[in-house]
Amino acid sequence: MAEQEPEGRAAARPLLTDLYQATMALGYWRAGRAHDLAEFELFFRHCPFGGAFALAAGLRDCVRFLRTFHLRDADVQFLASVLPPDTDPAFFEHLRAIDCSGVTVRALPEGSLAFPGVPLLQVSGPLLVVQLLETPLLCLVSYASLIATNAARLRLIAGPEKRLLEMGLRRAQGPDGGLTASTYSYLGGFDGSSNVLAGQLRGVPVAGTLAHSFVTSFSGTEVPPDPTLAPAAGRGPRVDLAALVEAWLERVCAHLGLGVQEPHPGERAAFVAYALAFPRAFQGLLDTYSVKRSGLPNFLAVALALGQLGYRAVGVRLDSGDLLQQAQEIRGLFRTTAAQFQVPWLQSVPIAVSNNIDEEELARLAQEGSEVNVIGIGTSVVTCPRQPSLGCVYKLVSVGGQPRMKLTEDPEKQTLPGSKAAFRLLGPDGTLLLDVLQLAEEPPPQAGQELRVWPRGARASCTVRPAGVEPLLQLWVRQGQLCEPLPSLAESRAFAQLCLSRLSPDHRRLEQPAPYQVALSEKLQALLHRLSAGAPL
């Protein structure tokens, strides 16, 4: 797999795990079972956020982790310090030698729709090794999938036209959580991130302009070393931008009915300084002092001065107050000012907003008639406040080719035994009917043929005749080797939006959606019943 080296360094380390994985490894080794062929499945039991779908994510990180998995001497020495002192030294020599060269992984492609009980990953290989992989793989998949799903919900609320930016790094659960959130919010449908490291390591488009601290750092008495700016076309003498802004300020204030002394001089100096640094990407932050009496007239004066030199301001941002109402008022003033000074481009200057935007506020900002173009979301995307964990689990389903099942006292926690295949059944128009889990040994369902299945949670079987059948689990790693290049993050992002577009409105609905059906084949249902009753295999 052709990976950039910086991204490779972002992989998890082998000891990012729970101690009981190491204690079980010792138990397997002592019992002579380290090399038994085993298979685990990673899945979740309930869709997050009260919705009817999730997006599968984290596969790239898992593959990267598996391909670099190796216990260093320092790792083994630390394990020796926390395991019993009389542990056979040969066990630690065994740990030094293991890698993932015997591991095979089937998984949903990143960006796929995922539903309860359907494996996101199937991991097979030597029992000791695939047991050690449990915690790291859960860590890499669970949060990534949760973030991608949360971002997809926010994108569905915003609609396709609004530009969504993730700005939550400072609110994230540590550096790794911040990088994961920036990466997988992009996969889920956001347009970019403020996180520079996500741009460098993962190729996420980055965006950012200025904060209130930049504005308040200026008093208005500062003199730039060079206040001049050349025309955008490159022809003609350089012009003193600060002086030109002051001339425009008088005209703008007269148009807005303001005194020329009302706009804050420090804010204006900050805008001029930023415009000198970024004449082709000038954006004004309007609410440091007063939007209407200061931020807006100062922005207009700088934007019109830049416009006279052939440049175009790229936007304004609001970070407090009633964002919807202010955006509408600002758009109206943009239009009247554009007409007053005959600068049509000013009418369509993008308006960006931020400030603790959650699903409810986003729906308000996305309604018809909203003049908001760009929406920055931080806390609500990276912390997933409605549900902080997806609750993925990693369960043993077979050892030595024999199915294994967890019964427990809680029926909800029972697992589905055996090595399995998964298929998505489609209607005549390509809509999603249901997902079917079956034993790997069974022939796949065929389009146009009637199939009897057992819906999860139902007491009786039903029949379905799919017009189309799609296999869900793709072979990505065979015996430690990548079978084909993984899609880029941008490709997975586009695939996620395609998958969401195929979901019916009833299932895509974010509040009280219709549950999507997952069913078992007759043969899998029979095995489940037999093992639940305690019958021998």
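In the predicted model, helix 13 and helix 14 lie oblique to each other. The assignment follows from the crossing angle of roughly 40° between the axes of helix 13 (residues 291–308) and helix 14 (residues 323–341), because angles under 35 degrees would count as roughly parallel and those from 65 to 115 as roughly perpendicular. The two axes come within 12 Å, and the crossing of helix 13 and helix 14 is right-handed. On the helix 13 side, the contact is formed by V291, K292, L296, F299, L300 and L304. These residues meet Q326, E329, I330, L333, F334, T337 and F341 of helix 14. Classified by residue type, the contact of helix 13 with helix 14 comprises 9 nonpolar, 2 polar and 2 charged residues.

Helix 14 also packs with helix 11 (residues 241–256), at an angle of about 120° and with the axes 11 Å apart. Helix 11 is therefore oblique to helix 14. The crossing of helix 11 and helix 14 is right-handed. Here W248, R251, V252, H255 and L256 of helix 11 meet L333, T336, T337, Q340 and F341 of helix 14. By class, 5 nonpolar, 4 polar and 1 charged residues make up the contact of helix 11 with helix 14. Among the helix 14 residues, L333, T337 and F341 take part in the contact with helix 11 and also in that with helix 13.

In soluble globular proteins, nonpolar side chains tend to be buried together. The largest nonpolar core of the model contains 164 residues. Within this core, L121, L133, L137, L241, F299 and F334 touch the most other members. Helix 7 (residues 134–158) gives the most to this core, contributing 14 residues. Two of the residues named for the core, F299 and F334, also belong to the contact of helix 13 with helix 14. With neighbours within four places in sequence set aside, L121 is in contact with F40, E41, L42, C62, V105, R106, A107, L137 and V141. A second, separate core consists of 6 residues, including L425, V436, V464 and A519.

C62, one of the contacts of L121, is also one of the buried residues of helix 3. Of the 10 residues of helix 3 (residues 59–68), 8 are buried, so helix 3 is largely enclosed by the rest of the structure. The buried residues of helix 3 are L59, R60, D61, C62, V63, R64, F65 and L66.

Methods: Residues numbered from 1 in each chain as written. Predicted model: local features only at pLDDT ≥ 70, side-chain atom pairs only at ≥ 80, totals over all residues. Heavy atoms only, no water. Axes fitted to C-alpha atoms, helices over the stretch in contact; angles between N-to-C directions. Helix = DSSP H or I, 4+ residues; strand = E, 2+ residues; numbered from the N terminus. Parallel < 35°, antiparallel > 145°, perpendicular 65-115°, else oblique. Left-handed = near helix turned anticlockwise from the far one by under 90°. Contact = heavy atoms within 4.5 Å. Nonpolar A, V, L, I, M, F, W, Y, C, P; charged D, E, K, R; others polar. Core = buried A, V, L, I, M, F, W, Y, C linked by side-chain atoms within 4.5 Å. Buried < 20%, exposed > 50% of the residue type's maximum accessible area, 1.4 Å probe, protein only.
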